[in-house]
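Grab a pencil and have a go at the exercises below before you peek at the solutions. Each one takes a small piece of the model and works through it step by step.

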Amino acid sequence: MKRTEDSLWTRGLRELAETAVFSLFLLLAGSNPARAMLVRPQLHALFVTGETVIVRVGDRLIEFDREGRFVRYRPVADPKGIESAQAVGGDANLLWFVSRSLKKSFEVEATRLFSLDGTGAVAREVWLEGDRSVRVAGDGSIFVGRVAGKELVIERFDPAAATLSSWRSVMLDRTWRDLDMSAAPAFDWVVLPGGDLAVLSTRGDSGRVTRLGPEGKALWATELHPEPLTSVAYLKGITADAAGNVYVTHSSWEGSSSTENAGSVIKLDGGGREVLRIKKDIGYLLEIGISGDGSVYVTQLGDAVLRFSADGRQAGSFVAVPPRFGETWEERVTLQRKAVAATATSDLDDLLNAVVYGRWDKRAEAVKWLAARGAVAVPAVARARVRYRTSWELKQAADDVWSAHPAEAAAVFMKGDEATRRAMASGLAWAVKTPVAGLIETLSGMVKEGDEDARHALDHLGLTGEVAQFYISEYRKGLRADGNFDAQWSLTRGLAASAPALARIAFDSSDPDRVPFQKLLVEAASEYRIQARRTEDNGQETAPSALVAIVQGWLSRGPVPKDVAAIMLTAFGISGHEAAAVAAAQREPAFLVPALKALSSAARFSPNVVDGQVEALTRLLRALPKADLVVAEAFASFAKLATPGVRRACYGLLRDQSVPLEHRTSLLLTMRGESIPASELGPLLADRQWQEPLREEYFYLSFLDEVLERKDGAQREVSRDRLLEILSHPSSKAGEEADTARGQCVQALLGVLREEDGPLLDPLAAQIPQRPEIEWVVLRLAARVKPTPLLRPILEAAMAKPDSALDAALSLGRAAYPPALDIIMEQGMKRLGSYSWIQIDAGSLRPYGALAEQRLLSIMDYPNEGTRGMARILLADLGSQEGLRILKTEFAAAIEKKEMPSESTLAALLRAGFDVVPGLTDLAIAAPDAVSEVSEIAEPLIPFLEKAIVAEKVPARLKAEVLLLRQACAETADRRLGELRMKHPDPKTRALIK
């Protein structure tokens, strides 16, 4: 959401956004979704009114008593409105919510404040201009806040008259904080009983609570420092109870699946003294509610509400989402208790119950116990799948059972009734390697009913002609609506069955949809490489001869219609008829783009097919008319072919002055991901002709990997100086676009700057008074260099600002500036788990000598996995003898336990020059499966391995070392082993190196 000068998010709405972003991050980063319980419904709001605890789940309000016993559902008459809103308070019979109306740019336009009565109907509603935060005090008074400059203006809202009256204003420190991967104001507020105001202001991990009297005078202020501090940690919000106690919520999470999320609730009494800190079993904290007796109710990721007594003891928990399988709320509690009690010796039904109703840790155990029962579990799992059809947890367990016992699962399927077959069909499709009678027919029926799992399963097995016709009908409907991507995907995925029908439609001049079907065939041919080959997963024929025959028929009729030329080029390009493809392209240059796209797929499998056409294609590219979108796409497609012949042709085109510069620009930008030989790299980097057309494209970023990989000092300096020159000129872009462009350039420079390059930043630093927007550029780059006299005062001033303190400290640390070490450790080292932009090298710590070593040793067991790993690397780089001793001890202990040492321990030992190969060889002999992860440290490990293999004389150890080499470099192992075989002095031993 865009941060405007007048925006202040409510705590609830902000946290809803945080939950969605955090959930997405965990899924992309590969963290443990079971721990985060992302597969379960999320609780979107929580508040306590009188004797009732109310939770919003989707478009429903569900009420419980204080002990967590179900009371009633609250129907909602305005489900769309409630889904986009957050609860802000009220009593059991009149609940207040707030939502936003947003413009296209995500800029807040208005705030809707509405209430629901006991029947779920909208009782009152008012729209407030701008973005407002809303709070309901303990006595039912409603207050509305807005930000004007650096002032929080709070007004009292009269719901009967729908009017606002002046109440209080507070000056705020206008700062922002990072919440996970989004940003929010660094303050929150609540109205206390009696009319005082409590304001939470935060800076980084910590914060301050200030109580203000009616005249705005501060009555007290309390500093808060939450624990633990993980990768992302922050104070979330503030609320109060009827007695005037203040509660501050804190949440933190780790980006690694090996460490836990952690949150807490901090309670302050009426005088600002901390009296309680609740942390037990709280993960990623979302919402809290306080009852009249001081009990604290907490929601986190998942479907349970935790309850704590007024003195902080955990007093129970309850699941707040409705039962899913027809049982009552009370019956579900009984089943959950049974799940907790399940053990490895429990009967099958109890294990299946633990899978469905157990916590994630119990569920994982139950799945292992279930698998250990063998084939006897198959019928029981099938019955459970029928009963618990919507259980995602059981579906995953069942798929594992089908895969472990495919023959038994197939037998149960064939003997089962219709319900059993439908429950098993999708999972069984992926488990079996041979056809199962009736499976495709069952899936076909489910597909027509819209079952998505069945659709994917049938795509995997292979479409039938009947289902292909069904998808064709769905695709036609989609052409007249918003497009049916499911049907489109399945038609191209199951090309063996759908190609003849698609081709008939595509070439039928009377069919009104023939052009979209032609495009569909182009997509299918390009994406799935239409040729005489089978897919890797299930043996489907993806290149029916019917399609090629139809295209050849069109070609034989004479001039090819333009609306089918793309299909012809695709089919012939990939099937190897390069002469026909080039001839067609020469007759119609506009068809060059689809021809090149088609050939790009063929290039993976048959480079000669493409290289044989390079000369003709190069002539066409040189002859193309003015530069436009089609031409740019043609050059891009040509460069992406990436065969040796095409690359050589591209270098020639880049140097060819007869080719318009616009064409060469398009070609160069596409080649940024290709490997540029050293002979071509230097001239390209130095050529000034690219300066104007590519000033804002930063094409040098494309080549920096090559520069760094070759460690070519001259080319590094050329790249460095050119990038600094680009930054020294004001950008022609504006706003976020300019920031992004500068950010790309800065990121590239961070890879080529050296510690001694500080003077090169002085000209940029001198521009800061005239160009304030580049201050962050200078500070970010300064983290890599030793401070100069001009940089030093800028850096020392930046140390006081949270957003720039770490960069400044990394530079000043190179000059042993005393305050910098604390910032490097606290804001840098301890935050490495998630903030990928944090990069700390030994140069920032080396000047502190033994003091830096002791600080690193003290955090080797820090909860943050990234911190632990970097501490080991830096100790190795600093040459710490104590650090090396600890690393060797860790290594030896892991080998003794027949476990793979951690990647960070291995990487640090290798950086210190310690030969880990003997120990890993012992491990490979004792537990071969344990050494599967050596590919993560392949680059530094391979030289040690190669040296050991050449010198090894013991056959058993030689075989283990060969295994390690294969694990480290799977793609190049055969070549390396061949070279090592020739080097080994013993002919008998050479035969073992294979």
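Here come six exercises on this predicted model, each followed by a worked solution.

**Exercise 1. Getting your bearings**

Find out how many helices and strands the protein chain has, and what share of its residues is buried.

*Solution.*
Step 1: Count the elements. The protein chain holds 43 helices and 26 strands.
Step 2: Turn to burial. Of the 994 residues in the protein chain, 53% are buried.
Step 3: Look at contacts with a separation of 6 or more. In the protein chain, 55% of these are between residues 24 or more positions apart.

**Exercise 2. Reading a sheet**

Work out which strands stand at the edges of the sheet with the order E9-E10-E11-E12.

*Solution.*
Step 1: Start with the layout. This is an open sheet of four strands, and the pairing is antiparallel.
Step 2: Look for strands that have a single partner. Those are E9 (133–136) and E12 (163–171), so each of them has one side without a neighbour in the sheet.
Step 3: Check the twist. On average, neighbouring strands here are turned by 25° against each other, if you ignore direction.
Step 4: Zoom in on one pair. E9 is joined to E10 (residues 142–148) by four bridges, and the two run antiparallel. Within this pair, Ser133 sits opposite Gly145 in E10.

**Exercise 3. A hairpin and its turn**

Describe how E23 and E24 pair, and say what lies between them.

*Solution.*
Step 1: Find the strands. E23 covers residues 285–290 and E24 covers residues 296–300; five bridges pair them in the antiparallel sense.
Step 2: Look at the link. The two strands form a hairpin with five residues between them, and Gly294 in the turn has a positive phi of about 90°.
Step 3: Check how covered E23 is. Six of its six residues are buried.
Step 4: Pick a residue from the loop between E23 and E24, such as Ser291. Its relative accessible area is 4%, and buried means under 20%, so Ser291 counts as buried. Leaving out residues up to four places away in sequence, Ser291 touches Val48, Arg66 and Tyr297.

**Exercise 4. One residue in a strand**

Is Val298 buried or exposed, and which residues does it touch?

*Solution.*
Step 1: Place the residue. Val298 belongs to strand E24.
Step 2: Read off its accessibility. Val298 has a relative accessible area of 0%, so it is buried.
Step 3: Find the residue across from it. Ile288 stands opposite Val298. These two are ten residues apart along the chain, and their C-alpha atoms are separated by 4.5 Å.
Step 4: List some contacts. Not counting residues up to four places away in sequence, Val298 touches residues including Leu46, Val265, Ile288, Leu306 and Phe308.

**Exercise 5. Two helices side by side**

Decide how H34 and H35 are arranged, and which residues make the contact.

*Solution.*
Step 1: Remember what to look for. Two packed helices are described by the angle between their axes and the distance between the axes.
Step 2: Get both values. H34 (residues 818–828) and H35 (residues 850–858) pack at an angle of about 20°, and their axes are 11 Å apart.
Step 3: Classify the angle. Angles under 35 degrees count as roughly parallel, so H34 is roughly parallel to H35.
Step 4: Add the handedness. H34 passes H35 in a right-handed crossing.
Step 5: Name the residues. H34 brings Leu821, Asp822, Met825 and Glu826, while H35 brings Leu851, Arg855 and Leu856. By class, that contact has four nonpolar, no polar and three charged residues.

**Exercise 6. Positive phi without glycine**

Look at Asp281 and Ala816: what is the phi of each, and where does each one sit?

*Solution.*
Step 1: Recall the background. Most residues other than glycine have a negative phi.
Step 2: Take Asp281. It has a positive phi of about 65° although it is not a glycine. Asp281 sits in the loop between E22 (274–278) and E23, and at 48% relative accessibility it counts as partly exposed.
Step 3: Take Ala816. Its phi is positive too, about 60°, although it is not a glycine. Ala816 lies in the loop between H33 (805–812) and H34. With 31% relative accessibility, Ala816 counts as partly exposed.

Note on methods. Residues numbered from 1 in each chain as written. Predicted model: local features only at pLDDT ≥ 70, side-chain atom pairs only at ≥ 80, totals over all residues. Heavy atoms only, no water. Pairing = 2+ DSSP bridges. Axes fitted to C-alpha atoms, helices over the stretch in contact; angles between N-to-C directions. Buried < 20%, exposed > 50% of the residue type's maximum accessible area, 1.4 Å probe, protein only. Parallel < 35°, antiparallel > 145°, perpendicular 65-115°, else oblique. Left-handed = near helix turned anticlockwise from the far one by under 90°. Contact = heavy atoms within 4.5 Å. Nonpolar A, V, L, I, M, F, W, Y, C, P; charged D, E, K, R; others polar.
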